[in-house]
Amino acid sequence: MRLDGRRESTNVDDRRGRVTKAGGLGLGGLIIVGVITLLLGGNPLDMIQNVGQMGIGEGVESEYTPTAEEEELARFARQILAGTEDVWTEVFSRYGRTYDPPRLVLFTESVQSGCGGATAQSGPFYCSADQCVYLDLSFFSSMKKEIGADGDFAYAYVIAHEVGHHVQNLLGILGDAHSQMSRVSEKEKNRISVRLELQADYFAGVWAHHDNKMFDSLEEGDIDEGLTVASLIGDDYLQKQAYGYSVPDSFNHGTSAQRAKWLKRGIASGDISQGDTFSLNYNQL
């Protein structure tokens, strides 16, 4: 991506080095779930609830010196966040709405959010309760190490996906979906979650479309990076990697093909109105 000279968002709460201490249950029994959640990356509510029950307490300041590589990633995250602010402000204005951007919280190891306590194993997530996107920058290293996904647009897609959940929240989609999820079976709850995640992928694509129009940000190979990541974080692919088989009724983010499909659609159209994943029959997603 071409980011030279791009502004950096100041809407960032840098909590790196402020480690919250967890007591009680250890993480050993959650390793497999943690790895899957880490690789999936978006709104891992179940993992957050589990960790919250472990007694994560108040933040404790510790001596922390980020590496030069981490500082570069932090700058990158601030630039991508700024890009989402610029894009969604313009898109919302076309519909006569005002875009209120989320706050990006950078943390290390563990964090306390408005949705409860979470660790880095939860992966990046959006919390609608405090309208913040939470990110441990080490996730990008894990992406490269665990699934072989790398590249600046691949990383940008992760951030834009979480901001996509914020867009859903502002539009009332997220609240309606969560309300429905509280009243249905586990299978139907997962299906609603898939619809949310695929729409967040689409919105990430919408961001990329307009960011490129505004700033000529995309370079050759960038879109392929994003589509590769989308394919590598599909539920079917991750479950097969972890267990050797997949269980479709347990999918809550969508298959590899679905995730790549909706991201690609968003990039191609740039039209927020074409990202309705809720009116389609589930088998058409």
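Visitor: How many bridges pair S7 and S8 in the antiparallel sense?
Guide: Welcome! This is a predicted model, in which local features need pLDDT of at least 70, side-chain atom pairs count only at pLDDT 80 or more, and totals for chains, interfaces and linings use all residues. Residues are numbered from 1 along each chain as its sequence is written, while side-chain values use heavy atoms and leave out hydrogens and water. Strands (E, at least two residues) and helices (H or I, at least four) are DSSP runs numbered from the N terminus, and two strands pair if DSSP finds at least two bridges between them. One bridge here sets Tyr126 against Val133 in S8, and the antiparallel count for S7 and S8 is three bridges.

Visitor: Which residue takes a positive phi in the hairpin of S7 and S8?
Guide: Look between the two strands, where the hairpin has four residues. The one with a phi near 55° is Gln131.

Visitor: In S8, which residue is the bridge partner of Leu106?
Guide: Strand S4 (residues 103–106) runs parallel to S8, joined to S8 by four bridges. In S8 (residues 132–135), Cys132 and Tyr134 point one way and Val133 and Leu135 the other, all of them buried (under 20% relative accessible area; exposed is over 50% and partly exposed in between, with a 1.4 Å probe and protein chains only). The S8 partner of Leu106 is Leu135.

Visitor: Which residue meets Glu85 in a salt bridge?
Guide: The whole structure holds 13 salt bridges (a side-chain nitrogen of Lys or Arg within 4 Å of a carboxyl oxygen of Asp or Glu). For Glu85 the N to O distance is 2.9 Å, and the partner is Arg7. This pair links distant parts of the chain, with Glu85 in helix H3 (residues 68–94) and its partner 78 residues apart, in the segment before strand S1 (12–14). Glu85 counts as buried because its relative accessibility is 9%, whereas 39% makes the partner partly exposed, and that partner is Arg7.

Visitor: How many residues apart are Arg78 and Glu8?
Guide: Arg78 forms a salt bridge with Glu8, with the closest N and O atoms 2.8 Å apart. Arg78 sits in helix H3 and Glu8 in the segment before S1, so this link between distant parts of the chain joins residues that are 70 residues apart.

Visitor: What is the angle between the planes of Trp88 and Phe92?
Guide: Ten aromatic pairs turn up in the whole structure (rings of Phe, Tyr and Trp, its six-membered ring, with centres within 6.5 Å; planes under 30 degrees apart are stacked, over 60 edge-to-face and the rest tilted). Trp88 and Phe92 form an edge-to-face pair, 6.3 Å centre to centre. Being four residues apart in helix H3, the two are separated by about one helical turn. Their planes meet at 90°.

Visitor: Which residue lies over the face of Trp262?
Guide: Trp262 belongs to a cluster of ring pairs with Trp88, Phe92, Tyr99, Tyr202 and Phe203. A charge sits over a ring if NZ of Lys or CZ of Arg is within 6 Å of the ring centre and within 35 degrees of the ring normal. At 4.5 Å from the ring centre of Trp262 lies Arg265.

Visitor: Within what arc do the buried residues of H6 fall?
Guide: Helix H6 (residues 173–181) has Leu174, Ala177 and Met181 as its buried residues. Seen down the axis, they line one face of the helix, because the directions from the helix axis to their C-beta atoms fall within an arc of 65°.
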